[in-house]
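Work through the exercises below with the sequence and the coordinates open. Each task is followed by a solution in steps.

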Amino acid sequence: MSDFTTRPEIQGTFGAVSSTHWLASQVAMGVLERGGNAYDAAVAGGFTLQIVEPHLNGPGGEVPILFWSEQEGRMRALCGQGPAPALADPAYFRNMGLDLVPGIGLLPATVPGAFGAWLTMLRDYGTWELADVLAPAIAYARDGFPLVPRISQAILAVQALFRAEWTSSAEVWLPDGKVPAPGTLMRTPAIADTYERILDEAHARATDRRGRIDAALDIWYRGFVADAIDDFYTHAQIRDTTGERNRGLLRKADLADWQASYDEPVTLDYGRYTVAKCGAWSQGPVHLQQLAILRELDMSGLAPDSFEFVHRVAEAAKLAFADRCAWYGDPDFVDVPVQELLSTDYARSRAAQIGRQASTMLRPGNPGGRVPRLPDLQAATRTLAQADTRYGVGEPTFAALPPVTEWAAREIFVGDTCQIDVVDRHGNMVAATPSGGWLSSSPVVPGLGFSLTTRLQMTWLDHGLPGTLAPGKRPSTTLSPGLALRDGQPYMAFGTPGGDQQDQWTVSFLLRHAAGLNLQAAIDAPSWHIDHFPGSFWPRAITLNRLTVESRLPAATQEALRAAGHELVVGASWSEGRISACTRETRAGGGWLLKAGANPRGMQGYAVGR
């Protein structure tokens with residue numbers, strides 16, 4: 001492989017940040033420069049992402065966070081994934097004649113957890129005032145931020161829905177009644193007003209930093225924000241993929257009863273690395289399952305663009321994602337056999353199922369002798385036969401359109417998620433994957449200026465599955481930040497957008513880096529993903545044995561993959577992966593050498609540091 005990289009691997013000793021948008025990266029670095037720590041920086045950057053990447057996340061979304069506290073000497077997970085409303089159960093949707101929770105509108109809302117998670121980390125580990133970390137986001141919302149092409153494309157894709165039905169969204173995203181063009185400054189002043197009102201009320205209630213943060217949490221989940229959400233979701237009737245106008249299920253009591261919670265990460269050793277992921281309330285363990293299987297296959301010495309490398313990684317992913325489908329769910333509600341799934345014996349038995357030919361079957365395993373049960377895989381076919389798909393399907397439900405103007409893509413890019421990673425001079429590390437509240441998937445809540453998450457679409461209505469919908473239960477989100485130790489020492493914060501692709505792209509990235517490529521080279525290298533499972537997003541359609549690769553993958557590798565039976569789809573040359581990563585290494589004489597790399601695909605991600 002070439003030594004060329006699209007940009008340098010950033011190196012420094014003071015701080016390093018990588019994210020999916022250059023403005024968020026610079027905001028976070030600016031916090032570090034002004035004395036903030038990694039937690040302050042990540043929160044400021046995270047709130048900035050809500051404004052500048054509104055097609056990929058928003059104030060009403062969710063965020064899982066992994067971090068290393070140098071003072072405490074430990075990794076922690078922070079769950080910002082809200083649960084299902086109390087009114088949401090399978091019977092409610094079955095009585096509507098549905099086989100799946102709709103993908104857009106009011107019905108798929110969960111409690112919006114991003115605000116709670118960001119503020120919880122800021123309160124417990126940060127040093128800055130909430131007003132200071134919110135200031136950049138408020139400024140971009142009030143004064144304007146540049147529209148990247150994909151935001152304009154996202155608005156273009158659903159403008160008819162906004163004009164005809166979701167008029168509160170039209171008021172925000174169609175200024176002067178027009179789709180805003182790329183490169184223009186977009187303002188979302190209603191979000192700025194919401195955040196400033198929260199700050200004003202919190203300041204009036206409390207006299208110290210912690211008290212003001214707690215007051216802001218109370219205002220969001222039990223004050224005027226919760227009141228506005230309750231009123232809209234109780235009374236508004238909003239058209240969705242059922243073809244009908246439906247009221248929502250989320251209520252103020254659901255918000256009032258929830259708070260972000262700390263959790264112990266799940267870990268696995270792979271060579272020099274100990275990789276950490278969030279628990280089975282996310283898809284995080286599927287990353288570790290793949291590593292456990294690949295550890296048994298001995299990947300050492302394989303070129304990362306060779307047939308053997310790609311084939312083994314793809315086949316390991318098929319097995320791990322089949323287990324995700326059969327076994328993952330909210331551990332507060334179901335017994336997820338995580339230890340058995342990550343055990344050496346189980347990984348060895350799964351690795352033995354990988355041969356020279358591509359598997360064409362969905363094969364969940366039997367961890368601890370358990371018998372797997374899969375969801376109704378025909379639900380998507382029945383759903384699509386009667387659904388209103390005028391506004392598209394998928395994540396977060398974009399439509400495909402022909403070229404309309406010089407900046408309208410022939411096919412609307414699927415939106416996904418964001419990522420931010422931070423390492424500070426004290427050695428603290430944060431990896432966060434914010435998502436949800438996409439501008440195109442649910443209507444703007446009047447008076448607040450933003451949409452809410454539609455994550456409930458990732459549940460099943462089948463009885464008795466780990467992923468079955470239940471009141472108060474978290475959907476097993478695809479969001480999956482990562483941390484890694486190296487030789488027992490904190491080393492890397494990493495992650496990527498991408499839905500079902502997140503814990504595929506980061507596996508091959510980590511393997512490439514472990515094999516010797518620097519961060520940027522490992523990010524830049526040709527990548528791929530499989531589709532071999534029911535999708536996590538409405539309409540949960542199942543695809544088997546599809547392997548999508550970047551065209552930069554060597555022709556000989558592509559031909560060998562076809563010969564091995566993979567249904568190969570060759571995508572654009574820079575189409576697979578959105579990875580951000582930061583590392584720290586101990587320096588002789590004290591302190592750390594910090595490094596960072598960022599994704600060049602899409603021309604948004606950037607790493608900064610000094």
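**Exercise 1: strand β3 and its partners**

Task: find the residue in β4 that is the bridge partner of Val 63, then describe the surroundings of β3.

Solution. Step 1: the bridge partner of Val 63 in β4 is Gly 80. The model is a predicted one, in which local features need pLDDT of at least 70 and side-chain atom pairs count only at pLDDT 80 or more, while totals for chains, interfaces and linings use all residues. Residues are numbered from 1 along each chain as its sequence is written, and side-chain values use heavy atoms, with hydrogens and water left out.

Step 2: β3 (residues 63–69) and β4 (residues 74–80) pair in the antiparallel sense over seven bridges. Strands are DSSP runs of E with at least two residues, helices are runs of H or I with at least four, and both are numbered from the N terminus. Two strands pair if DSSP finds at least two bridges between them.

Step 3: the two strands form a hairpin with four residues between them, and Gly 73 in the turn has a positive phi of about 65°.

Step 4: β3 also pairs with β13 (residues 429–432), antiparallel over four bridges. There, Phe 67 has Val 430 as its bridge partner.

Step 5: in a regular strand the side chains alternate between the two faces of the sheet. On one side of β3, Val 63, Ile 65, Phe 67 and Ser 69 are buried, and on the other side Pro 64, Leu 66 and Trp 68 are buried. Buried means under 20% relative accessible area, exposed over 50%, and partly exposed in between (1.4 Å probe, protein chains only).

**Exercise 2: the nonpolar cores**

Task: which residues have the most contacts inside the largest nonpolar core?

Solution. Step 1: a nonpolar core is a set of buried Ala, Val, Leu, Ile, Met, Phe, Trp, Tyr and Cys residues joined through side-chain atoms within 4.5 Å. The largest has 97 residues, and those with the most contacts inside it are Ile 65, Phe 115, Trp 118 and Met 121.

Step 2: helix α2 (residues 38–52) gives the largest share of this core, ten residues.

Step 3: leaving aside residues up to four places away in sequence, Met 121 touches residues including Ile 65, Phe 67 and Val 430. Contact means heavy atoms within 4.5 Å.

Step 4: a second, separate core of 60 residues includes Ala 314, Met 492, Leu 511 and Val 549.

**Exercise 3: Cys 582**

Task: why does Cys 582 form no bond with Cys 418?

Solution. Step 1: the closest cysteine sulfur to that of Cys 582 is in Cys 418, 16 Å away, which is too far for a bond.

Step 2: Cys 582 is buried, because its relative accessible area is 0%.

Step 3: a search of the whole structure finds zero disulfides (pairs of cysteine sulfur atoms within 2.5 Å).

**Exercise 4: a three-stranded sheet**

Task: what is the strand order in the open sheet of three strands?

Solution. Step 1: the order is β16-β17-β18, with mixed pairing. The edge strands β16 (528–534) and β18 (567–571) each pair on one side only.

Step 2: β16 and β17 (residues 542–550) run antiparallel and are joined by six bridges. Pro 534 stands opposite Ile 542 in β17.

Step 3: helix α13 (residues 307–327) packs on the sheet and touches β16 and β17.

Technical notes
Axes fitted to C-alpha atoms, helices over the stretch in contact; angles between N-to-C directions.
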